[in-house]
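Me: I'm new to this structure and would love a close look at one small part of it. Could you start there and then work outwards?

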Amino acid sequence: IKDLYFHYYLPIRLRKYIQHADNIVNFSGYYEKELLKLGWQKKQIISCGYFPPRIKGSQIVKRTEANWKNFTILLTGLHEWHRSPWLLLQALTILKEQHHLEPKCYITQNGPYLRYMKEYVQKHHLKNVSFLGFVEMHRLIELYETCSVYIGTGNYEPWGMRLNDVLLCGAPIIVNRGMGGVKLVDEYLCGLSFKRKNSFELAQRIMELMTNQDLYLKVAENAFNAASIITPEIQAKHIAKQLTIYLNK
């Protein structure tokens, strides 16, 4: 029903607004095809990223060799269909069965898929996975500041502001190309990306960071540097410059 709404009803409902608009500012990354499907023209779209402020009380923590040696993975957010959290569990199974790697993985929050995730973990004997449930903000910040890598699994997620939250704490990220937030990886080289719906490629990306210390420390350095660039104060100036260019055409 939701798919029918987006592809058939919504374009009709938005038609008059699109016809009377000069531009649309897209704060959900730089994927434009969904806007084009709605009827927007490419020349109308001004694509920017999404840059919220850091979580109050959090700080940038540079990852080191210790983080690589004690490799920990973090996944947060409600476990819903568009966020496809099962991809990480499938990747962890591949790492265990094919490469004998069992990195510690912390998963927070709840959601409609949580029960199935727990059943999957039990079925595949993933003893390295810990479900923490809902955690208080101070504990979430601690996880953001100490994890070795954060995984953004969303197959259909316009952006994923959790990527910003954890990157502002200095953590490298591995991001599904189904998320608009993969823009952060592409622009700042602060992690790696994998193809939508591809748990095998996600497993490969995790293994690359786990087995290559130089690569890990390189993306960790980039993540630390990016944390000072993706602040709303700096990005607002960049977006204003983009708007100025469009307005002066």
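Where in the fold is S193 found?

Reply: Happy to help! This is a predicted model, in which local features need pLDDT of at least 70 and side-chain atom pairs pLDDT 80 or more, while totals for chains, interfaces and linings use all residues. Residues are numbered from 1 along each chain as its sequence is written, and side-chain values use heavy atoms, leaving out hydrogens and water.

S193 sits in strand β8, which covers residues 191-194. (Strands are DSSP runs of E with at least two residues, helices are runs of H or I with at least four, and both are numbered from the N terminus.) S193 counts as buried because its relative accessible area is 17%, and buried means under 20% with a 1.4 Å probe on protein chains only.

What surrounds S193? Beyond the residues within four places in sequence, S193 is in contact (heavy atoms within 4.5 Å) with V175, R177, V182, V185, E201 and R205. With R177, S193 also shares a side-chain polar contact of 2.8 Å, that is, N or O atoms within 3.5 Å, one able to donate a hydrogen and the other to accept it, with sequence neighbours counting only through side-chain atoms on both sides.

Now let's move to L75, in strand β3. L75 is buried because its relative accessibility is 3%. Leaving out residues up to four places away in sequence, L75 touches P85, L88, Y106, I107, T108, Y150, I151 and T153. P85 lies ten residues from L75 along the chain, with 8.1 Å between their C-alpha atoms.

Strand β3 leads us to helix α6, residues 137-146. The buried residues of α6 are L140, I141, L143, Y144 and E145. These residues pack against β3 (72-75), β4 (104-108), β5 (129-133), β6 (149-152) and the helix α7 (161-167).

Last come the pockets. A pocket is an open set of points on a 1 Å grid over the protein atoms alone, where a 1.4 Å probe fits and protein lies on both sides within 12 Å along at least five of seven lines; lining residues have an atom within 4 Å of a point. In the largest pocket, α1 (2-20) and α2 (33-38) each supply at least two lining residues, and α2 gives the most, with five. The second largest pocket is lined by 14 residues, and those closest to its centre are Q109, M137, L140, Y144 and R162. Helices α6 and α7 each add at least two residues to the lining of this second largest pocket.

Key
Buried means under 20% relative accessible area, exposed over 50%, partly exposed in between (1.4 Å probe, protein chains only).
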